Amino acid sequence: MSPRKFTATIGREFATVAVTFLGLLLVTFFIGRVVPIDPVLAAVGDRAPADVYERVKIELGLDLPLYQQFWFYLVKIAHGDLGRSVLTSNTVLADIKRVFPATLELATLGTILGVLIGVPAGVVAAVNRGKWIDQFVRVVGLFGFSVPVFWLGLMGLLVFYRMLGIVGGPGRLGVAFDDIVDPITGVILLDSALRGEWAVFRDAFSHLVLPASVLGYFSLAYISRMTRSFMLEQLRQEYVTTARVKGLAERRVIWRHALGNALVPLITVIALSYATLLEGSVLTETVFAWPGLGRYITNSLLNADMNAVLGGTLVVGTVFIALNLLSDILYRLVDPRAR
Amino acid sequence: MSIVTRAWLLSDSPSSRLQSRLGQAYLRWLAFRTNPLAVVGLAIVVLLLLAAALAPIIATHDPLRQALDQRLLAPSGAHFFGTDSLGRDIFSRVVHGARVTLFVVLLVVVTVGPIGLLVGATAGYAGGWIDTVLMRVTDIFLAFPRLILALAFVAALGPGIENAVIAIAFTAWPPYARVARAEALVLRNADFIAAVRLQGASPARIVLRHVIPLCTPSLIVRSTLDMAGIILTAAGLGFLGLGAQPPMPEWGAMIATGREHIFDQWWVATAPGIAICTVALGFNLLGDGLRDVLDPKQSQ
């Protein structure tokens with residue numbers, strides 16, 4: 001396929017994403033409209049005379065037809081204006097910039113764990129199809145689709161923090177280590193390593209390992225299941241027989257040839273699971289008092305701080321869409337047949 | 001089962017429509033039975049149904065009655081799963097919670113199934129711009145983070161179990177539409193559809209009477225596998241205080257109350273969590289088994 005056609009495909013992909021993004025904005029706009037809180041009353045108070053009420057209503061643009069209001073909403077978003085949070089009295093954008101690295105740290109480590117364990121587990125299950133190890137991987141995976149993440153987190157805290165005492169408790173750092181390291185990236189593991197504060201690094205890691213493992217388990221469940229089914233498909237192919245007939249070591253046939261091809265569709269799966277972990281962090285962060293985006297959204301929600309909720313929803317949705325796009329492009333780059 | 005009935009069911013030349021249908025169902029049951037994990041799943045789901053139906057009989061206490069002199073008692077013969085911070089019997093609350101869970105799951109599936117089926121079957125059968133528009137909308141919804149969107153919806157509508165159902169349903173229909181469309185695309189060019197069309201059937205009749213019934217099996221499989229996800233989302237909303245409101249015995253909300261006591265009275269959060277796991281696992285196992293029987297082309 002020619003490079004021009006490839007560019008055209010990518011272009012179409014971007015157009016699709018633009019439509020999806022517009023849809024996301026339409027939904028957040030719509031939710032903001034149906035909230036039973038009158039934004040005018042919130043601004044002027046319920047004792048304001050009728051003329052003040054009307055004036056503020058016009059100032060806020062709420063007398064305009066809906067499509068014009070939506071247009072102004074789009075313009076605001078395009079300028080990076082997500083409104084102001086009632087709870088923190090900062091702009092929502094500044095708040096999200098502050099909390100996002102914590103979520104990123106958690107979801108990234110979770111995904112790394114999920115890939116490192118899930119992919120080999122899926123391969124082993126596929127190779128030993130129907131044997132006990134296959135059943136074991138399957139049940140462990142199915143359990144991951146059935147257990148509530150917040151409950152697993154609580155049980156993890158009970159066993160590993162309270163009873164065994166081998167991990168740090170809720171929060172990102174112990175009290176003694178707060179504010180020692182000046183943020184560079186906001187990701188504490190990176191910051192403390194860059195500044196050479198290894199005591200902080202160790203403490204941060206001990207706090208991170210449990211919530212990341214809990215999230216990683218869900219990623220593992222999904223990735224091992226998909227790896228197994230992709231591997232089964234590859235192992236049926238003729239090139240596998242050819243490689244065996246050529247006399248290649250079985251290990252090489254499985255881990256190089258078959259897995260090499262199975263990795264192509266796995267890119268999409270891993271990107272998707274990463275996106276799901278960002279979402280799963282909402283409940284996990286609540287349990288672990290983790291100061292990330294998920295807890296920011298739920299906190300704002302419980303305090304009816306709609307600007308913050310919709311801003312957070314918009315950011316997570318955007319990351320979702322971006323990851324989908326990225327995986328599509330990677331997929332096309334890696335697999336020549338998909339171009 | 002007597003040998004005569006068995007022979008009647010397995011007859012190669014059924015003499016009535018009823019006989020052939022029952023025979024089909026029996027063959028499927030025989031296939032289903034060979035998968036032990038699926039049978040376990042079925043047993044769990046039947047248990048859930050029984051618990052929900054017979055909750056007042058099974059429960060040993062009133063799930064709402066508070067007894068402040070019996071707060072946070074450990075599991076014992078009098079209170080199988082112990083008591084919570086208001087002295088309510090956790091076993092009875094878990095049993096009654098089966099009703100809440102079943103209510104949410106059934107309501108979501110009953111709303112989502114028909115919507116997805118109608119959107120998907122119409123898109124697949126009609127084709128052209130109708131297909132493009134409907135699938136574009138479906139894709140937009142599919143690209144959203146489900147839990148976060150449900151959260152934002154509940155925030156807008158206000159907390160409560162009905163609003164939780166609406167929010168979950170609103171975010172859960174797109175996969176159904178996808179499945180139904182894929183089926184309808186295949187059916188669209190089938191000879192029997194062409195025959196019905198030549199007999200003068202209207203497009204609405206073809207979609208409702210001929211396309212939709214044939215899409216249904218794969219949707220049943222899909223919704224069984226989806227039920228675990230619905231249960232988990234509903235429990236998550238309950239945990240955050242946005243789903244069922246107190247004092248309703250909802251499993252997620254019960255875990256939330258147990259959270260404050262997790263280090264000292266671990267049983268308060270443990271029992272409802274195990275209930276959620278068991279039921280969700282049951283639906284997942286059942287769905288896996290049903291897929292092998294009803295929809296063999298999708299299974300690996």
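So, contacts in chain A: if you take those with a separation of 6 or more, 71% are between residues 24 or more positions apart. Keep in mind as I go that this is a predicted model. Chain A has 339 residues, and 39% of them count as buried. In secondary structure terms, we have 13 helices and zero strands, so reading from the N terminus you just get α after α. The C-alpha trace spans about 90 × 55 × 40 Å along its principal axes.

Let me give you one pair for scale. A:V140 sits in helix α6 of chain A, and A:W255 is 115 residues away from A:V140 along the chain. In space, their C-alpha atoms are separated by 22 Å. Is A:V140 buried, exposed or partly exposed? Partly exposed, because it has 16 C-beta neighbours inside 10 Å, and buried would take 20 or more.

Okay, now walk along to α12(A). That helix is mostly covered, with nine of its 10 residues buried. The buried ones are A:L293, A:G294, A:R295, A:Y296, A:I297, A:T298, A:N299, A:S300 and A:L301. And what does the covering? From chain A itself, the cover includes α5, α11 and α13. Chain B chips in too, with its α7.

Have a look at the backbone on either side of that helix. In the loop between α11 and α12 of chain A you'll find A:A289, whose phi is near 45°, a positive value in a residue other than glycine. A:A289 has 13 C-beta neighbours inside 10 Å, so it counts as partly exposed. Then, just after α12(A), A:A304 takes a positive phi as well, about 55°.

Next up, the contact between the chains. Chain A puts in 39 residues and chain B puts in 36. On the chain A side, the elements giving two or more residues are α1, α6, α7, α9, α11, α12 and α13. Which one gives the most? That's α13(A), with nine residues. By class, the chain A side comes out as 28 nonpolar, nine polar and two charged. As for the predictor's scores on the complex, ipTM is 0.84 and pTM is 0.85.

Now the core. The largest nonpolar core has 165 residues. The ones with the most contacts inside it are B:V108, B:L151, B:I168 and B:I231. The element that gives the most to this core, though, is in chain A: α9(A), with 17 residues. If you want to see one of those hubs close up, click on B:I231. Leaving out anything up to four places away in sequence, B:I231 touches B:T101, B:V105, B:I276, B:V279 and B:A280.

Staying in chain B, there's a helix pair I'd like you to look at: α5(B), residues 90-126, and α9(B), residues 174-188. Their axes come within 7 Å and cross at roughly 35°, and the crossing is right-handed. On the α5(B) side, the contact residues include B:G113, B:G116, B:G120 and B:G124. Across from them, α9(B) brings in residues including B:A177, B:A180 and B:A184, along with B:R178, B:R181 and B:R188. Sorted by class, this contact has 12 nonpolar, four polar and three charged residues.

Two more spots in chain B. There's a cis peptide bond joining B:P246 and B:P247, with omega about 5°. B:P247 is in the loop between α11 and α12 of chain B. The other spot is B:R6, over in helix α1 of chain B. Why does B:R6 count as exposed? Because it has 11 C-beta neighbours inside 10 Å, and the cut-off for exposed is 12 or fewer. From B:R6 to B:I255 you go 249 residues in sequence and 48 Å in space, C-alpha to C-alpha.

Last thing, confidence. The mean pLDDT of chain B is 85, and 98% of its residues reach 70 or more. Among the elements of chain B, helix α3 has the highest mean, 90. Helix α7 of chain B has the lowest, at 81, and α7 of chain B is also part of what covers α12(A). As a general reminder, where pLDDT is low, the predicted coordinates should not be read in detail.

Definitions and conventions: Residues numbered from 1 in each chain as written. Chains lettered and ligands numbered in written order. Predicted model: local features only at pLDDT ≥ 70, side-chain atom pairs only at ≥ 80, totals over all residues. Contact = placed C-beta atoms within 7 Å. Helix = DSSP H or I, 4+ residues; strand = E, 2+ residues; numbered from the N terminus. Nonpolar A, V, L, I, M, F, W, Y, C, P; charged D, E, K, R; others polar. Core = buried A, V, L, I, M, F, W, Y, C linked by C-beta atoms within 7 Å. pLDDT = per-residue confidence, 0-100. Axes fitted to C-alpha atoms, helices over the stretch in contact; angles between N-to-C directions. Left-handed = near helix turned anticlockwise from the far one by under 90°.
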